[in-house]
Amino acid sequence: MSHFGAMQNEIYNAGLKGILPDYPVDFATLEKRAHEALGPMLTNYVAGGCGDEHTQDENAAAFHHWGMVPRMMVDCSERDLSIELFGHRYETPLFMAPIGLNGEASRDRHGDMAAARASAMTGVPFCASTLSNDPLEDVKAACGDTPAWFQLYTPRNRELATSLIRRAEKAGYSALVVTLDTWVTGWRPRDLNASNFPQLRGKVLQNYFTDPVFRSLLAKPPEEDPAAAIFTWAATFGQVLTWDDMEWFKSVTKLPIVLKGICHPDDARRAVDTGADAIYCSNHGGRQANGGIATIDLLADVVKAAGEVPVLFDSGVRSGTDAVKALALGARAVGVGRPYTYGLAIGGDQGAAWVLRSILAEADLLMAVNGYPTLADVRSAGAVRTDR
Ligand SMILES: Cc1cc2nc3c(=O)[nH]c(=O)nc-3n(C[C@H](O)[C@H](O)[C@H](O)COP(=O)(O)O)c2cc1C
Ligand SMILES: O=C(O)C(=O)c1ccccc1
């Protein structure tokens, strides 16, 4: 039964002894502090989105036109925020979305390890990105007892793709999240104006540089000739996937397959028909396609089309309230993206864990005051669109 809301009393009680929190609990202050810590180049990359960033802004803003109706005289002195996914019971309905730049976000440049430790501390599962400053084996080990998932950017070279999948299986990841929406990078004015793309400067490529198949493609090891290794990475990075590829994924691994980037109900149905174990409704935080619709506004139709297949969600979640709204609209689990990376920037593992705990505390207390003791109650209460 949930204890997440207890963070509130801990903060007030510490205040009685004159101790203020080290980190903020609201997104606006968190973002401001993180941008100061990251500096302009990394801020451009993490905070930036595609085009004029309208889709990215809408992702967060659209939560405001969804509302929930409180219920009274319900015993919700205990709340249960646990969920079942891929045969495992998780204590929280959150997960840490894959963020390829975690490695660079923390001061020691081992932000993937710090994110993994935050996962171990909070029980919020970490979806480790293919793009990482530390190899996926080390990252998994740092997740402790909390299950972790591996996000795959499918290389054009299938032998390399297979090698990454085998490594993820061997390391003990319990799901494979295949990202569909980023075989080519969206048009990102902030990065373009600064002429800076971290991967092309050799950042976050350690999963490739430590891979035996990748290394076999090189004349010299990456340690000796990093420029050639980066060139080889760029040449193999972007594989366009089609529905026919599902057969290959199903043949190559027994891990549950999650398709990330699904926003259309027809695509959700196709994913189910071709054997996806979960659907991940996301527009990549508005970083890939501009001119899109806030993902939260598309979620309910994707959930309906997915039927019994669980739907994961991200894009624009900034608070516990946002998370509860996504759960009310049918998400099985809700991905926190930029907020935890900002936590890494201001306080490493402690900072990321603080952000996750704040979001959980707000969600728990919202369920308490709204009279929703379980996530089944949240879902049956639903969310109401207020602008129509
Ligand atoms: C800096 C950054 C790097 C990202 N890297 C990846 C990645 O490596 N793989 C992936 O599938 N998604 C990646 N994403 C997308 C996130 O998984 C998630 O969909 C997005 O952050 C959600 O939007 P939000 O953070 O605004 O809530 C990245 C997002 C950001 C901000
Ligand atoms: O920055 C991103 O959102 C991201 O995931 C990515 C990864 C590799 C190439 C381009 C974008």
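A residue counts as buried if 20 or more other C-beta atoms lie within 10 Å of its own, as exposed if 12 or fewer do, and as partly exposed in between. The legends below use these words for a predicted model.

**Figure 1. The whole chain, with 17 helices and 12 strands.**
The radius of gyration is 20 Å. The globule rule gives 21 Å for 388 residues, so the chain is as compact as a globular protein of that length. Along the principal axes, the C-alpha atoms fill a box of roughly 70 × 50 × 40 Å. Of the 388 residues, 51% count as buried. Contacts often bridge distant parts of the sequence: among those between residues at least 6 apart, 73% join residues at least 24 apart.

**Figure 2. Close-up of His284, listed by UniProt under "active site".**
The listing comes from an unreviewed entry. His284 sits in a loop, with strand S9 (278-281) on one side in sequence and helix H14 (295-306) on the other. Is His284 buried or exposed? It has 25 C-beta neighbours inside 10 Å, so His284 counts as buried. Leaving aside residues up to four places away in sequence, His284 touches Asp181, Thr182 and Gly261.

**Figure 3. Close-up of ligand 2 and its shell.**
Which residues surround ligand 2? They are Gly100, Leu131, Thr182, Thr185, Gln199, His284 and Arg287. His284, the residue of the UniProt "active site" listing, is thus placed beside this ligand. Thr182, one of the residues that His284 touches, also belongs to the shell of ligand 2. By class, the shell has one nonpolar, five polar and one charged residues.

**Figure 4. Close-up of ligand 1 and the 23 residues around it.**
The closest residues are Ala97, Gly100, Ser129, Gly285 and Gly337. Gly100 also appears among the residues around ligand 2. How does the shell of ligand 1 divide by class? It holds eight nonpolar, 11 polar and four charged residues.

**Figure 5. Close-up of helix H5, residues 111-122.**
H5 has 12 residues. From its first C-alpha to its last it reaches 16 Å, close to the 16 Å expected at 1.5 Å a residue. H5 is mostly covered, with 10 of its 12 residues buried. Among them are Gly111, Asp112, Met113, Arg117 and Thr122. What covers the buried residues of H5? The cover includes strands S4 (94-96), S5 (126-128) and S6 (148-152). It also includes helices H4 (102-105), H6 (136-142) and H16 (338-370). After H5 comes Gly123, with a positive phi near 80°.

**Figure 6. Close-up of Glu53, with a positive phi.**
The phi of Glu53 is near 65°, and the residue is not a glycine. Glu53 lies in the loop between helix H2 (27-47) and helix H3 (54-61). Why does Glu53 count as partly exposed? Glu53 has 18 C-beta neighbours inside 10 Å. Buried needs 20 or more and exposed needs 12 or fewer, so a count of 18 falls in between.

**Figure 7. Close-up of Met73, with a positive phi.**
Met73 is a residue other than glycine, and its phi is near 60°. Where is Met73 placed? Met73 is in the loop between strand S1 (66-67) and strand S2 (83-85). Met73 is exposed, because 5 other C-beta atoms lie within 10 Å.

How values were computed: Residues are numbered from 1 along each chain as its sequence is written. Chains are lettered from A and ligands numbered from 1 in the order in which they are written. This is a predicted model: local features need pLDDT of at least 70, side-chain atom pairs count only at pLDDT 80 or more; totals for chains, interfaces and linings use all residues. Helices (H or I, at least four residues) and strands (E, at least two) are DSSP runs, numbered from the N terminus. The radius of gyration is taken over C-alpha atoms; the globule rule is 2.2 Å times the number of residues to the power 0.38. Two residues are in contact if their C-beta atoms, placed from the backbone, lie within 7 Å. UniProt positions are given in the numbering used here, feature names are shortened, and annotations may be inferred rather than shown by experiment. A residue is near a molecule or strand if its C-beta atom, placed from the backbone, lies within 6 Å of it. Ala, Val, Leu, Ile, Met, Phe, Trp, Tyr, Cys and Pro count as nonpolar, Asp, Glu, Lys and Arg as charged, and the others, Gly among them, as polar. The expected span of a helix is 1.5 Å times one less than its number of residues.
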